[in-house]
Amino acid sequence: MDNFQKEIDERANLALSNKFELLLFRLGSDQLKGKSELYGINVFKLREIVPMPTITRAAGMQSPLLGMASIRGQFIPVIDLPAVTGCKPETGLNLLLVTEYARSTQAFAVESVENIVRLDWNQVHTAEAGIGSRNITSIACLDTDGESNNLALVLDVEQILYDIIPSVRGVEPSEETAKDFNLKPGQVAIVAEDSKVARQLLEQGLKSMGIPAIMHNTGLEAWIKINDMQKEAAAAGESIHDKIALVLTDLEMPEMDGFTLTRNIKRDDTLRQIPVVIHSSLSGSANEDHVRKVGADGYVAKFEINELSSVIHRVLEKKR
């Protein structure tokens, strides 16, 4: 039991060093490319891997939903992941990856699991410019030299769930969303989020709050923008706090994760008073403990726009 707990703690602490673990799996032959690709998801989102159980298919349920499965007494939806990605399993759907994303639990049917690899986030690069699939958010280079073709496609699970399961889309903004945030003229929110659908939801949500936002695909892009704005403010004899109202960041992102972005901000004497809110599908006490350790001002799970509005309002008021 001590060794098991030690492994959990070690895995959780990776988040504080810009590292993570990726579960690698296969879905069969890609129908367009004619070959089997490696896919990956963050181990933190994985609850367990189980052999394919009996699936109960409800009337009217359509692909890629396979049906419902009873896992440890809980009925959860099962998604045919090869059907989502355009793959055809050669040996069938043999395993379920049971995952937790914010407030939802679901299982993804896959052909096989390869192994777990430990990576630095700088080994992961955004895929939007080079991969056509809307369901791929980034590409992980599995070798540290960054030059090999030993790659894994990291799934944009937020996009997949948004497309398939309406209940994960959150609620519509209410009258409570549009609070008085008392922003100074010219202040903006710096947003870092690698999932395209999550960026769209955040952009729409912030617009409904009346908060101007500059969107970024990675933590590194956001960090570079913050530094550029800091230099511009210093050159003009202005305060960076008159330019940046807050930073809103995801946790899992290529090149630099949200923990590292937050830590960089909070270690800088000029920037540390900028409120940082973490908005993530990674839930659980371990991650919330890390949020506190890196000095973030708020944490909210995806996608609940009214809750996000309340957290932003609270941290802005606290910093005044």
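The exercises below, each with a worked solution, concern a predicted model of a protein.

**Exercise 1. Overall make-up**

Determine how many helices and strands the protein has, and what part of its residues is buried.

Solution. Counting the secondary-structure elements first, one finds eight helices and 17 strands in the protein. Turning then to accessibility, buried residues make up 52% of the 320 residues. As a last step, take the contacts with a sequence separation of 6 or more: 64% of these are between residues 24 or more positions apart.

**Exercise 2. The nonpolar cores**

Identify which members of the largest nonpolar core touch the most other members, and which element supplies the largest share of this core.

Solution. The largest nonpolar core holds 26 residues, and within it Phe25, Leu81 and Leu155 touch the most other members. Sorting this core by element, at least two residues come from each of strand 1, strand 2, helix 2 (81-85), strand 7 (95-101), strand 8 (104-110), strand 12 and helix 3. Helix 3 gives the largest share, with four residues. A second core, separate from this one, has 18 residues, including Leu206, Leu246, Leu248 and Val277.

To see one member in detail, take Leu155 and set aside residues up to four places away in sequence: its contacts then include Phe25 and Leu81, together with Tyr39, Ile41, Ile136 and Ile160.

**Exercise 3. The covering of helix 3**

Establish how many residues of helix 3 are buried, and name them.

Solution. Helix 3 is mostly covered, since six of its eight residues are buried. These are Val157, Glu158, Gln159, Ile160, Leu161 and Ile164.

**Exercise 4. The largest cavity**

Find the volume of the largest cavity, and describe its lining by residue, by element and by class.

Solution. The count of cavities of 30 Å³ or more comes to two, and the largest cavity has a volume of about 160 Å³. It is lined by 19 residues, of which Lys45, Thr137, Val154, Leu155 and Glu252 are the closest to its centre. Two or more lining residues come from each of strand 1 (19-30), strand 2 (36-42), strand 11 (136-141), strand 12 (151-155) and helix 3 (157-164). Divided by class, the lining has ten nonpolar, three polar and six charged residues. Leu155, already met as a member of the largest nonpolar core, is thus also among the residues closest to the centre of this cavity.

**Exercise 5. Buried or exposed?**

Classify Asn217 and Lys88 as buried or exposed, and describe the surroundings of each residue.

Solution. Asn217 lies in the loop between strand 14 (213-216) and helix 5 (219-235). Its relative accessible area is 19%, and therefore Asn217 is buried, the limit being under 20%. Its side chain is joined to that of Arg199 by a polar contact of 3.3 Å.

Lys88 belongs to strand 6 (residues 87-88). Because its relative accessibility is 55%, Lys88 counts as exposed. Although Lys88 and Gly28 are 60 residues apart in sequence, their C-alpha atoms are 5.0 Å apart in space. Beyond residues up to four places away in sequence, Lys88 touches Leu27, Gly28, Ser29 and Gln31.

**Exercise 6. Backbone details in loops**

Locate the cis peptide bond between Ser63 and Pro64, and place Arg72 and Asn182, which have positive phi, in their loops.

Solution. Ser63 and Pro64 are joined by a cis peptide bond with omega about 10°, and Pro64 is in the loop between strand 3 (46-51) and strand 4 (65-71). Arg72, not a glycine, has a positive phi of about 50°; Arg72 is in the loop between strand 4 and strand 5 (74-80), and is exposed at a relative accessible area of 71%. For Asn182, phi is near 55°, its place is the loop between helix 3 and strand 13 (188-192), and its 40% relative accessibility makes it partly exposed.

How values were computed:
Residues numbered from 1 in each chain as written. Predicted model: local features only at pLDDT ≥ 70, side-chain atom pairs only at ≥ 80, totals over all residues. Heavy atoms only, no water. 1 Å grid on protein atoms, 1.4 Å probe; cavity = no way out; pocket = protein on both sides within 12 Å on 5 of 7 lines; lining within 4 Å. Points joined across faces, edges and corners; volume = space filled by probe spheres on them. Nonpolar A, V, L, I, M, F, W, Y, C, P; charged D, E, K, R; others polar. Buried < 20%, exposed > 50% of the residue type's maximum accessible area, 1.4 Å probe, protein only. Polar contact = N/O pair within 3.5 Å; in protein donor to acceptor, adjacent residues only side chain to side chain. Core = buried A, V, L, I, M, F, W, Y, C linked by side-chain atoms within 4.5 Å. Contact = heavy atoms within 4.5 Å.
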